Amino acid sequence: EWWYLTGLVSDASGERFGVQITFFRQGLDPSPPEPGSSALRARQVVAAHLAVADIGRQRFLHAERVRRTAGGMAGYSEDEPRVWVEDWEMVPGSAAGMRLRAADRAASVAVTLTATPSRDLVLHGFNGYSQKGEEAGNASMYTSWTRLALEGELELGGRVVSVRGTAWFDHEWGSSQLGEAVVGWDWFSLRLDDGRDLMVYRLRRADGSPDRYSSGTLVESDGSVRHLNVDEVGVDAADWWKSPATGATYPARWRLQVPAEDIDLEVRTLVAACEVDGTASTGVVYWEGPVEVSGSHSGEGYAELTGYASSLQGRF
């Protein structure tokens, strides 16, 4: 299960930043505790990633945490957007929104933010059921707030800035997800200048081709939702960035098309070096960062790229 907030914000002078706060939950043992077993046994764990992309300075700061739910070190709610790892937290706010707080002094990054939805909750796939493969369990429940007003403070290297902007929030959960031939995915959450929001989830096979269970969602400006199947969306990488830390090569620019909706976009990264090394928490290295949109529409959003540093085959 994961709770995912990504957004783009600006300060009073116009400096722009990308923000990512993610909480991941992994169940380890679903059986009831045996009599006399330790209350601190790791039956579930919650990990968290915090990342801020300083667009003007082309700088990327990130941190991670992981704790077991036993002993109150971490926890979550099944009824509301509430999850925490020690003092990193996502909790309900006013107007059906949420408050987020996370800080890592060693990485010199901290955020205190409030996110308030301006659009109803979106159910992806079919009534929230997002199928990602043909085997039993290759699916998730997937919901989003695609536009939230985001405001608060960022602290970067000791510098505190007040910011405002717009965010996207995902909540997804399931027992297993990817089909056996899928090595990773390319995910885009885009807010277009005509008021529409576009999510594209491109499941990638080892040869780079999209799996047939790749999909997308188009949210109209009035909040109505259209499901997109793999044949309705084209995604072609046009440029690349190689990580000096891991040697992984990630796409950095794409042509993204939805011909039936007259959408023909160029999507490009705003900060190249947005690789998140989560090996000490989730065990996954991936790229996650802000993007800008031009072409038939202008806009902004986020991209997530997995399976480039190492295959995710058999892990999700």
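Begin by selecting Arg268, which is partly exposed, with a relative accessible area of 35%; keep in mind throughout the tour that the model is predicted. Add Glu292 to the selection, and you will find that the side chains of Arg268 and Glu292 meet in a salt bridge, with 2.6 Å from N to O. Arg268 belongs to strand 20 (residues 263–269) and Glu292 to strand 22 (residues 284–295), so this pair ties together parts that are 24 residues apart in sequence. Glu292 also counts as partly exposed, its relative accessibility being 26%.

**Further salt bridges**

The structure holds 29 salt bridges in total, and a few of them deserve a stop. Side chains of opposite charge can pair when their charged atoms come close. Select Asp197 together with Arg119: they form a salt bridge in which the closest N and O atoms are 2.7 Å apart. This pair links distant parts of the chain, since Asp197 lies in strand 15 (residues 197–205) while Arg119 lies in the loop between strand 9 (109–117) and strand 10 (122–123), 78 residues apart. Are these two residues buried or exposed? Asp197 is buried, with a relative accessible area of 0%, and Arg119 counts as buried at 15% relative accessibility, because the cut-off for buried is under 20% relative accessible area.

Move next to Glu300 and Arg191, which form a salt bridge whose closest N and O atoms are 3.1 Å apart. Here too the pair links distant parts of the chain, with Glu300 in strand 23 (residues 299–305) and Arg191 in strand 14 (residues 182–192), 109 residues apart. Arg191 is buried, and its relative accessible area is 5%.

To see a network of salt bridges, select Glu15, Asp54, Arg57, Arg59 and Arg159, which are linked in this way.

**Arg65 and its surroundings**

Now select Arg65, whose place is in strand 4 (residues 59–68), and which is buried, with a relative accessible area of 17%. With which side chain does the side chain of Arg65 make a polar contact? The partner is the side chain of Asp87, at 2.6 Å. If you leave aside the neighbours of Arg65 within four places in sequence, the residues in contact with Arg65 include Val46, Ala47 and Ala48, then Val85, Glu86 and Trp88, and also Ala103 and Ser281.

From there, go to Gly72, in the loop between strand 4 and strand 5 (74–76); at 52% relative accessibility, Gly72 counts as exposed. A distance drawn from the C-alpha atom of Gly72 to that of Asp104, 32 residues apart along the chain, comes to 20 Å.

**The nonpolar cores**

In soluble globular proteins, nonpolar side chains tend to be buried together. In this model the largest nonpolar core has 53 residues, and those with the most contacts inside it are Phe188, Leu190, Leu198, Leu256, Leu265 and Val267. Select Leu198 and display its surroundings: leaving aside neighbours within four places in sequence, Leu198 is in contact with residues including Trp168, Phe188, Leu190, Leu218, Leu228, Leu256, Val258 and Leu265. A second, separate core of 35 residues includes Phe17, Ile21, Leu50 and Val163.

**Aromatic rings**

The whole structure contains nine aromatic pairs. Select Trp168 and Trp187, whose ring centres are 6.5 Å apart and whose planes stand at 85 degrees, so that the pair is edge-to-face. Trp168 sits in strand 13 (residues 159–173) and Trp187 in strand 14, 19 residues apart, and both Trp168 and Trp187 are buried. Next, colour Tyr250 and Tyr308: their ring centres are 5.6 Å apart and their planes are at 55 degrees, so this pair is tilted. This pair also links distant parts of the chain, with Tyr250 in strand 19 (residues 249–258) and Tyr308 in the segment after strand 23, 58 residues apart. Tyr250 and Tyr308 are each buried.

Returning to the tryptophans, add Tyr4 and Phe24 to the selection, and you have one aromatic cluster formed by Tyr4, Phe24, Trp168 and Trp187.

**Charges over rings**

The final stops join charge and aromatic ring. Select Arg204, whose charged end sits over the ring of Tyr308, 3.7 Å from its centre. Then select Arg25, whose charged end sits over the ring of Tyr76, 4.7 Å from its centre.

Terms used: Residues are numbered from 1 along each chain as its sequence is written. This is a predicted model: local features need pLDDT of at least 70, side-chain atom pairs count only at pLDDT 80 or more; totals for chains, interfaces and linings use all residues. Side-chain values use heavy atoms; hydrogens and water are left out. Helices (H or I, at least four residues) and strands (E, at least two) are DSSP runs, numbered from the N terminus. Buried means under 20% relative accessible area, exposed over 50%, partly exposed in between (1.4 Å probe, protein chains only). A polar contact is a pair of N or O atoms within 3.5 Å; within protein, one must be able to donate a hydrogen and the other to accept it, and residues adjacent in sequence count only if both atoms are side-chain atoms. Contact means heavy atoms within 4.5 Å. A nonpolar core is a set of buried Ala, Val, Leu, Ile, Met, Phe, Trp, Tyr and Cys residues joined through side-chain atoms within 4.5 Å. A salt bridge is a side-chain nitrogen of Lys or Arg within 4 Å of a carboxyl oxygen of Asp or Glu. Rings of Phe, Tyr and Trp (its six-membered ring) pair if their centres lie within 6.5 Å; planes under 30 degrees apart count as stacked, over 60 as edge-to-face and the rest as tilted. A charge sits over a ring if NZ of Lys or CZ of Arg is within 6 Å of the ring centre and within 35 degrees of the ring normal.
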